[in-house]
Amino acid sequence: MKLSTKVAELTQIIEPAVTACDVSLWGIEFVPQGRRSLLRIYIEALPEDRAEGKQVTIEDCAAVTHQVGGVLDLHDPIAGEYLLEVSSPGLDRAFFSAEQLHDYVGQTLSLRLIHAIGQGSDKRRKVTGELVNIDEHQLTVKTENDQGNDQLLAIELDNIDKANLVYQF
């Protein structure tokens with residue numbers, strides 16, 4: 001879950017503008033696509049507001065779009081044209097840092113790994129399971145093996161390419 005150099009640079013520029021709109025920055029995706037790149041910004045209600053049940057609104061997204069657009073015009077960190085999207089992380093939210101995962105212990109995650117884990121026919125790069133524990137170096141998920149038995153998998157944080165919450169009704 002390491003940020004690219006470009007995303008780290010954009011985060012430093014964008015985060016103060018997002019915070020000025022009374023929301024927090026959840027994460028940034030930057031996808032260079034030839035002549036026209038995509039910059040997707042995810043915002044979340046502030047922790048104290050979430051405790052009161054507040055969620056991100058369309059008005060919040062519009063305010064952040066306006067604020068961040070001005071900051072990006074000033075700093076011009078993206079070469080060429082780009083499309084700016086601002087939204088909430090949603091129910092199947094992507095995680096951008098290990099710190100974000102701490103609030104989701106006991107919930108189901110979908111992980112895409114950089115290097116496969118497991119042995120023999122149970123070797124895989126995609127893992128879905130309940131987040132049991134997380135520390136500064138690894139997380140533990142409870143999942144099922146090929147025989148349908150529960151197993152605990154310890155996964156190094158630096159082996160995680162992508163992590164998403166699996167929304168359950």
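Leaving aside neighbours within four places in sequence, His137 touches three residues: Ile155, Glu156 and Leu157. This histidine belongs to a predicted model of a protein that contains four helices and nine strands. The briefing starts from His137, then turns to the whole protein, its domains and one of its helices.

**His137 and its surroundings**

- His137 is found in the loop that lies between strand S6 (124-134) and strand S7 (138-144).
- Is His137 buried or exposed? His137 counts as exposed because its relative accessible area is 52%, and the cut-off for an exposed residue is over 50%.
- Ala98 stands 39 residues away from His137 along the chain, yet the C-alpha atoms of the two residues are separated by 9.1 Å.

**The protein as a whole**

- The order of helices and strands along the sequence is α-β-β-α-α-β-β-α-β-β-β-β-β.
- The C-alpha trace spans about 55 × 40 × 25 Å along its principal axes.
- Of the 169 residues in the protein, 42% are buried.
- When contacts between residues at least 6 apart in sequence are considered, 53% of them join residues at least 24 apart.

**Surface and charge**

- The protein has an accessible surface of about 10,100 Å², and carbon and sulfur atoms account for 48% of this area.
- How many positive and negative side chains does the protein have? There are 15 positive and 27 negative side chains.
- The centres of these two sets of charged side chains lie 8 Å apart.

**Domains**

- The domain assignment divides the protein into domain 1, covering residues 3-89, and domain 2, covering residues 96-163.
- A distance of 28 Å separates the C-alpha centres of domain 1 and domain 2.

**Helix H3**

- Helix H3 runs over residues 58-75 and has 18 residues.
- From its first C-alpha to its last, H3 reaches 26 Å, which is close to the 26 Å expected at 1.5 Å a residue.
- Which residues of H3 are buried? They are Asp60, Cys61, Val64, Val68, Gly69, Val71 and Leu72.
- The cover over these buried residues of H3 includes helix H1 (5-19) together with strand S1 (23-31), strand S2 (36-45) and strand S3 (81-87).
- Asp76 follows H3, and the phi of Asp76 is positive, near 50°.

How values were computed:
Residues are numbered from 1 along each chain as its sequence is written. This is a predicted model: local features need pLDDT of at least 70, side-chain atom pairs count only at pLDDT 80 or more; totals for chains, interfaces and linings use all residues. Side-chain values use heavy atoms; hydrogens and water are left out. Helices (H or I, at least four residues) and strands (E, at least two) are DSSP runs, numbered from the N terminus. Buried means under 20% relative accessible area, exposed over 50%, partly exposed in between (1.4 Å probe, protein chains only). Contact means heavy atoms within 4.5 Å. Accessible areas come from the Shrake-Rupley method with a 1.4 Å probe; for residues, only the protein chains shown count as cover. Lys and Arg count as positive and Asp and Glu as negative; His and the chain ends are not counted. The place of a charge is taken as NZ of Lys, CZ of Arg, CG of Asp or CD of Glu. Domain bounds come from an automatic or database domain assignment. The expected span of a helix is 1.5 Å times one less than its number of residues.
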